[in-house]
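Reader: Hi! Could you pull up the model so we can talk through its pockets?
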Amino acid sequence: MTEPAEIEARIPPHVAPRVRSVRFADGVATLVADVSGLDRDAAAALQQEIESAVGAHPAVTEVRVALMADKVNRRIVVVGSGKGGVGKSTLTANLAVALAQAGRKVGVVDADIYGPSQPMLLDAANAKPTARGQQLVPVESPHGVRLLSMGQLVAPGKAIAWRGPMTGGALGQLMDAEWGDVELLLVDLPPGTGDVQLTILQKFKPAGAIVVSTPQDLALIDATRALDLFRQAQVPIIGLVENMAGYVCPHCGEISDPFGEGGVEAAARALGEPFLGRIPLSLAVRIASDAGQPPAAADGAPGEAFIAIAARLGAWLDGARD
Ligand SMILES: Nc1ncnc2c1ncn2[C@@H]1O[C@H](COP(=O)(O)OP(=O)(O)OP(=O)(O)O)[C@@H](O)[C@H]1O
Ligand SMILES: [Mg+2]
């Protein structure tokens with residue numbers, strides 16, 4: 001008589017650690033495999049491998065493989081600002097890349113329907129998301145980040161015709177896409193405090209929010225408005241980031257302050273919120289970003305500023321984990 005142990009011996013050694021149980025009766029081998037952390041393709045490949053290895057045993061007429069997985073504890077973190085053009089998208093892309101390089105599974109949702117920028121920033125402008133059943137499958141950026149953008153769903157120049165419900169529907173498709181083992185979903189919000197922001201806050205309950213501002217007073221007033229929106233929605237504020245502080249002259253390295261410096265840190269203190277760090281205004285950031293090469297992916301000063309902020313976000317995620 002064939003024992004389960006004989007069946008088990010057929011399982012390739014690299015697969016064996018994932019096999020939780022083996023039963024065998026009347027020619028039918030029933031196995032349970034743990035596919036936690038694998039995406040759908042990898043899980044299917046694993047199943048296939050078990051089926052053919054076990055099915056090769058002469059006593060086996062049928063192989064049944066049940067796949068189980070721990071539910072991924074996925075958290076949503078939004079990056080917002082009151083004002084446009086302060087560097088939300090740049091920060092989001094660089095945080096994503098830095099955290100991915102630190103070994104986390106990161107996805108980015110570009111929720112800005114009028115000015116989607118993540119495909120360019122993450123060097124995935126030519127990749128189009130596919131669909132599996134009813135679900136969108138995110139594209140892979142060469143920087144190790146998965147990505148979906150409103151811009152990938154809308155023909156260029158057509159966004160302006162979208163009505164509120166369409167926007168909400170598209171947003172839901174991005175958020176509920178097949179994110180696989182992604183544990184952190186960073187959402188690049190459009191500027192201001194409009195429909196998209198409200199939908200995300202109410203429907204998707206982010207774990208936390210990061211607010212970006214430049215150091216000028218006007219931008220700070222807008223940032224305070226964004227903070228208020230998050231607070232009202234009871235989304236914890238992870239902290240404030242100062243962007244475009246102190247211009248680094250590309251020729252002589254001298255630092256000047258077109259917008260002042262330190263205003264955001266002072267504002268964070270006054271508002272009782274954490275300050276996550278400062279990113280200098282630098283030509284290198286703009287050029288690298290436009291070329292789909294986030295500074296966080298390379299060595300050098302601007303990259304370090306982003307990586308330091310990403311480390312604070314990482315610490316926040318670990319601390320907030322229950
Ligand atoms: N620290 C920086 N130094 C130099 N240029 C920067 C810096 N941060 C952002 N930029 C540039 O400023 C422009 C606006 O940045 P970004 O698109 O990230 O802002 P945003 O807040 O997402 O804008 P929007 O409100 O339009 O979505 C981009 O061209 C970007 O490359
Ligand atoms: Mg943007």
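Reader: By class, what is in the lining of the second largest pocket?
Author: The lining has six nonpolar, three polar and six charged residues. Asp, Glu, Lys and Arg count as charged, Ala, Val, Leu, Ile, Met, Phe, Trp, Tyr, Cys and Pro as nonpolar, and the others, Gly among them, as polar. This is a predicted model: local features need pLDDT of at least 70, side-chain atom pairs need 80 or more, and totals for chains, interfaces and linings use all residues. Residues are numbered from 1 along each chain, chains are lettered from A and ligands numbered from 1 as written, and side-chain values use heavy atoms, without hydrogens or water.

Reader: How much space lies in that second largest pocket, and which residues are closest to its centre?
Author: About 310 Å³ (the space filled by probe spheres set on the grid points). Of its 15 lining residues, Leu38, Ala69, Asp70, Val72 and Gly180 are the closest to the centre. A pocket here is an open set of points on a 1 Å grid where a 1.4 Å probe fits, with protein on both sides within 12 Å along at least five of seven lines; lining residues have an atom within 4 Å of a point.

Reader: And how much space lies in the largest pocket?
Author: About 360 Å³. Its lining holds 22 residues, with Thr90, Met244, Val285, Arg286 and Ser289 closest to the centre.

Reader: Which element gives the most to that lining?
Author: Helix H9 (283-290), with five residues. H3 (88-101), H4 (118-121), S12 (237-248) and S14 (275-282) also give two or more residues each. Helices and strands are DSSP runs of at least four and at least two residues. By class, the lining has eleven nonpolar, eight polar and three charged residues.

Reader: Switching topic: where does ligand 1 sit?
Author: In the largest pocket (more than half of its atoms lie within 2 Å of the grid points).

Reader: Nice! Which residues come nearest to ligand 1?
Author: Gly85, Lys88, Ser89, Thr90 and Asn243, out of 18 residues around ligand 1 (a heavy atom within 4 Å). S14 gives the largest share of this shell, four residues. By class, the shell has seven nonpolar, eight polar and three charged residues.

Reader: Which N or O atoms of the protein lie by the oxygen atoms of ligand 1?
Author: A side-chain N or O atom of Ser89 is 2.8 Å from a ligand oxygen, and a backbone N or O atom of Gly87 lies 2.9 Å from an oxygen of ligand 1.

Reader: What lies 3.0 Å from a nitrogen atom of ligand 1?
Author: A backbone N or O atom of Ser282.

Terms used: Polar contact = N/O pair within 3.5 Å; in protein donor to acceptor, adjacent residues only side chain to side chain.
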